[in-house]
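Please look at the sequence and the structure below, and then work through the questions that follow, with their reasoned answers.

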Amino acid sequence: MWTSFTLAVLLVTGQTALAPEAATRLAARRAVAFFPLVGACVGVVLAAVWTLASHLWPGQPFVAAALVLAVDALATGGRPW
């Protein structure tokens with residue numbers, strides 16, 4: 001189960017820190033079920049960045065948006081989904 005989750009993180013975000021050592025076909029099939037969870041985790045992080053930036057720079061939504069886009073590019077490796 002952990003191998004499937006780490007494979008899902010690798011596929012969605014491109015982060016290799018938790019890369020599984022040997023992923024089987026079964027683990028790859030199970031990883032698809034974790035895609036929404038990984039996407040939700042990325043979304044929560046981006047929402048936290050937006051909230052923090054909007055409190056640090058009130059009245060400056062473009063600063064918060066730029067920070068969110070930068071964190072999103074770093075978190076997902078610039079993937080378009």
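A residue counts as buried under 20% relative accessible area, as exposed over 50%, and as partly exposed in between. The model discussed here is a predicted one.

Q: Does tryptophan 2 count as buried or exposed?
A: The relative accessibility of tryptophan 2 is 57%, and the cut-off for the upper class is over 50%. Tryptophan 2 therefore counts as exposed.

Q: Which class, buried or exposed, does phenylalanine 5 belong to?
A: Phenylalanine 5 lies in helix H1 together with tryptophan 2, three residues apart, about one turn of the helix. The relative accessible area of phenylalanine 5 is 19%, and the limit for the lower class is under 20%. Phenylalanine 5 is therefore buried.

Q: What kind of pair do the rings of phenylalanine 5 and phenylalanine 34 form?
A: The ring centres of phenylalanine 5 and phenylalanine 34 are 5.7 Å apart, and their planes stand at 85°. Since planes over 60 degrees apart count as edge-to-face, the pair is edge-to-face.

Q: Which helices does the pair of phenylalanine 5 and phenylalanine 34 link?
A: The two residues are 29 residues apart, and their pair links distant parts of the chain. Phenylalanine 5 is in helix H1, and phenylalanine 34 is in helix H2.

Q: How far apart are the end C-alpha atoms of helix H2?
A: Helix H2 covers residues 25-56, which is 32 residues, and at 1.5 Å a residue it should span 46 Å. The model agrees with this expectation, because the end C-alpha atoms of H2 lie apart by 46 Å.

Note on methods. Residues numbered from 1 in each chain as written. Predicted model: local features only at pLDDT ≥ 70, side-chain atom pairs only at ≥ 80, totals over all residues. Heavy atoms only, no water. Helix = DSSP H or I, 4+ residues; strand = E, 2+ residues; numbered from the N terminus. Expected span 1.5 Å × (residues − 1). Buried < 20%, exposed > 50% of the residue type's maximum accessible area, 1.4 Å probe, protein only. Phe/Tyr/Trp six-rings, centres within 6.5 Å; stacked < 30°, edge-to-face > 60°.
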